[in-house]
Each structure stands twice: as C-alpha cells, then as structure tokens.
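The exercises below ask you to read packing, pairing and burial from a structure, each with a solution worked out in steps. Please keep the sequence and the coordinates at hand while you go through them.

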Amino acid sequence: MSASRRRPHTSGLDEERLARAYLLRVAEPPAPALNAFVADIGPLAAAKAVRAKDCPPRVRDETAARRDLDRVEQDLEAAERLGARLVIPEDDEWPAWPLLCLDLARRRGVQGLAQPLALWVRGDTRLDIATEAAVAIVGARAATGYGEHVAGELAYGVAGHKLSVFSGAAYGIDGAAHRGALAASGVTVALLGCGLDAGYPAGHVALLNKITERGGLAISEYPPGTSPARHRFLVRNRLIAALSQGTVVVEAGRRSGARNTATTAGSLGKVVMAVPGPVTSVMSVGCHELIQESGATLVASIDDVIEQVGRLGGLLVEKATAERPTDRLGPDALRVHEALDRRKGKSAEQLAAESGVPLNRVRALLPALEIDEFAQRCDTGWKRSAAQRVPGERLVNDRQGEGK
C-alpha cells in the first residue's frame with residue numbers, strides 16, 4: 001500500500017462514516033437542507049433524525065423517497081472491491097479549504113451549491129494534497145481536433161508546473177485534458193456524475209483505471225451503483241469548480257456543461273478562463289461569449305493560465321516565484337514602487353497615500369529608486385521607469401490591486 005494512501009475504511013468503521021454513508025444514499029445531491037441540518041447537529045444525530053422522520057420539513061422532503069434505503073455496509077464493501085474509500089469531513093484529508101467557497105456562495109444566496117456530505121475516492125493520493133494547487137480544464141464532448149490538441153497541451157503544461165488537472169472524464173476535451181496530464185506524469189482528477197463502479201463513459205474505463213494507477217483520483221459523491229444522469233453531471237460540475245483554483249474552458253457550445261462549470265466557478269469567486277477558437281466553429285461560441293461578457297479571461301497559452309491562476313489562486317508557481325529585480329528592495333521602497341504607474345505620473349503626496357509610507361520617507365526613497373531605474377520623473381510627478389522591465393510584472397501589479 002502506498003504511504004500516501006489512507007487505510008481503507010472497511011474495518012473498525014467509525015460511526016460518523018457510517019452515518020454519512022447512509023445520508024449520501026438517502027438524499028440526491030446537493031441536498032442543501034440536509035447538508036445544513038448535518039452541519040447544525042452533526043452526522044450522527046442527523047442520520048438518526050432522518051430515519052425517525054423527526055427532522056425539518058425541507059429535510060424530510062429531500063430524504064422521503066429513500067430514507068428506508070439503508071445500504072451502508074453494501075456500499076462500503078462495493079467501494080472496497082473497487083479500491084476506493086469514503087472520505088468524510090472528519091478525516092484529515094478532507095479538502096475543507098477549497099470546499100469552503102460553496103458555503104460562502106450559499107450564504108450570498110447562490111442556489112444549489114451545498115458542500116458534499118462525503119466523497120467516494122478511488123486512488124492512492126490524498127484528496128487534500130490533490131486539491132492544494134489545481135486547475136480544471138473542461139469543454140465540449142463533441143470537440144474538434146483543434147480543441148483536443150489545445151486541451152492536451154494546456155493540461156501537459158499545467159501538470160508540468162506541478163498543479164493537479166481536474167476534469168470530468170467525458171469524451172472530447174475532458175479526456176484530452178486527463179491524457180495530457182498523464183503524459184506529463186502529473187496528477188489528474190476525474191469528477192464523476194455517477195457511481196465509481198458505473199463504467200461510464202464506457203470508452204474511458206481504461207483511462208479512469210490509468211488515472212488511479214498513476215497517482216490520480218476518481219471522485220464521486222454518488223454511492224456505488226448510481227447510474228449516470230444529466231442532472232448529476234450538472235451537480236457534479238460544482239465540485240470541479242470548487243476543488244480547483246481556476247477553470248479553463250477550451251471549447252463549449254452556447255448551452256453546455258462546460259459553460260455551466262464556468263458560471264459556477266465565477267459564482268464561487270474562482271478564476272475563469274476561456275480559449276478562443278475559429279469564429280466559424282460552433283464549438284467555440286460558448287468560449288467567445290464568456291470572453292465577450294467578461295465572464296472569462298482570454299487565455300492562449302500555458303503562461304496565460306499560470307499567470308491567471310497564480311495571481312488569484314496564490315499558487316507557488318515558477319513564474320510567480322522567479323527572482324525579480326524588485327526582490328532586493330526594502331519593504332518601504334517596494335510599497336512605493338508598487339504604487340507607481342507606468343503611464344501617468346503621481347505626486348509624492350499621492351504615492352504616500354497609496355503606499356501608506358510617510359511622505360518624508362517617500363521623498364527620500366524616490367531619488368534612490370530613480371538611480372536604480374525603478375522610477376523616473378515626469379511632468380506630472382513620478383512614474384515607473386520604462387527601463388525597468390520586471391519579470392512577472394503583471395503579477396506584482398495585480399497583487400497590488402487585490403489589496404484595494
């Protein structure tokens with residue numbers, strides 16, 4: 001057994017795991033009322049209340065059709081045969097931080113974004129490690145050769161930067177993304193809209209096996225034996241968006257699951273990116289509309305993706321951590337430098353107000369920054385020197401903007 005894998009939870013099962021396995025079976029995700037009920041009183045009390053029909057009306061509605069369907073032992077045994085495990089919020093590998101965005105969105109009134117009660121996971125890598133730094137690459141099932149090529153190249157590059165590649169294991173763009181990550185010997189994670197044993201899609205069973213055999217994961221919140229259904233894939237999309245720092249849509253029609261994932265990612269405050277395609281291609285209409293509507297940032301290379309995700313996701317990527325000339329500046333000098341604009345000048349008073357550095361200190365620092373070619377005088381005050389081309393400069397500027 002790999003050292004990175006937690007032992008299977010099939011012997012000495014704790015009560016919380018049994019309770020959550022039962023609750024996963026009796027309510028169709030995302031089950032927001034049941035989720036809130038569990039968060040309020042805990043899984044043990046919630047499971048007992050559901051069985052006894054002693055729960056709030058909305059919880060009763062979500063569980064009425066299946067409350068008597070207790071297949072906990074069978075589900076856990078089926079998972080064991082698959083080499084899978086049930087990961088619950090009480091486990092130390094639970095990805096609590098990435099999933100927190102679902103709770104925050106729900107509190108803002110966004111519908112249908114409840115956290116999963118637990119996750120069925122197949123593969124040796126710990127779930128929390130796989131989600132530490134991840135990018136989702138999604139798109140059309142009926143992808144063009146162009147789309148599959150771009151998806152594969154982007155996934156290869158993302159994996160090469162030691163980021164996990166998340167997708168939905170569907171034909172087309174999803175499959176190309178998984179294969180690209182595998183080609184780079186990276187970690188790739190497939191989120192399914194059915195049970196892990198469903199064998200769906202049939203043409204990707206071998207791909208899913210390869211993913212889990214090579215350090216990746218297959219994940220589902222649906223118990224073993226759950227068949228695929230359109231609404232389950234749409235519900236699944238919220239997990240693809242939540243568990244990754246950013247989502248790249250490579251190809252998508254005007255109405256598609258990929259656009260649904262992108263919309264969900266945006267509502268969660270995640271980075272949304274889209275790849276442009278030929279204006280004559282119906283498979284790129286969704287991407288172009290996302291870009292036109294400012295729902296996504298246009299990306300055309302792996303560098304674009306890494307810059308976007310690194311900037312807003314806080315990832316430790318090569319471009320963001322490369323040594324920069326500004327690294328040798330002291331704290332006050334760096335703050336003044338970041339307050340400078342490249343195109344228009346600012347007075348010392350403006351720079352002091354924006355940087356929070358005392359005015360007399362700003363006036364002392366500006367000549368030194370000018371000597372080192374970090375700043376230059378102009379008719380309207382001081383601006384950033386055109387001679388100082390700082391590697392990764394847009395990352396520096398954008399981090400400045402985040403604090404405003």
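**Exercise 1.** Which residues in H1 meet which residues in H5?

Solution. The structure is a predicted model, and the helices concerned are H1, residues 15-26, and H5, residues 72-82. From H1, the residues taking part are Leu18, Ala21, Tyr22 and Arg25, and in H5 they meet Val72, Glu73, Asp75 and Leu76. Sorted by class, this contact of H1 with H5 has 5 nonpolar and 3 charged residues, and no polar ones.

**Exercise 2.** Determine at what angle H1 and H5 pack, and classify their arrangement.

Solution. Begin with the description that applies to any such pair: two packed helices are characterised by the angle between their axes together with the distance between those axes. For H1 and H5 the angle is about 95°, and the axes lie 9 Å apart. Angles of 65 to 115 degrees count as roughly perpendicular, and therefore H1 is roughly perpendicular to H5.

**Exercise 3.** Establish how strand E7 is paired, and whether its two faces are covered or open.

Solution. Take the neighbouring strands in turn. Strand E3, residues 134-138, runs parallel to E7 and is joined to it by 4 bridges; Val138 has Val249 of E7 as its bridge partner. Strand E8, residues 271-274, also runs parallel to E7, again with 4 bridges, and here Val248 is partnered by Met273 of E8. Now turn to the faces of E7, which spans residues 246-249: Gly246 and Val248 lie on one side, Thr247 and Val249 on the other, and all of them are buried, so that both faces are covered, given that buried means under 20% relative accessible area.

**Exercise 4.** Identify the buried residues of helix H2 and what covers them.

Solution. In H2, residues 32-41, the buried positions are Ala33, Leu34, Asn35, Phe37 and Val38. Their cover includes H1, helix H3 (43-51) and helix H4 (57-63). Following H2 in the chain comes Gly42, which has a positive phi, near 95°.

**Exercise 5.** Place these details in the setting of the whole protein, starting from how many helices and strands there are.

Solution. The protein has 19 helices and 11 strands. Of its 404 residues, 54% count as buried, while the protein exposes about 17,900 Å², of which carbon and sulfur atoms supply 50%. As a last step, consider the contacts with a separation of 6 or more: residues 24 or more positions apart account for 74% of them.

How values were computed
Residues numbered from 1 in each chain as written. Predicted model: local features only at pLDDT ≥ 70, side-chain atom pairs only at ≥ 80, totals over all residues. Heavy atoms only, no water. Axes fitted to C-alpha atoms, helices over the stretch in contact; angles between N-to-C directions. Parallel < 35°, antiparallel > 145°, perpendicular 65-115°, else oblique. Contact = heavy atoms within 4.5 Å. Nonpolar A, V, L, I, M, F, W, Y, C, P; charged D, E, K, R; others polar. Buried < 20%, exposed > 50% of the residue type's maximum accessible area, 1.4 Å probe, protein only. Areas by Shrake-Rupley, 256 points an atom, 1.4 Å probe, with all protein chains shown as cover. Pairing = 2+ DSSP bridges.
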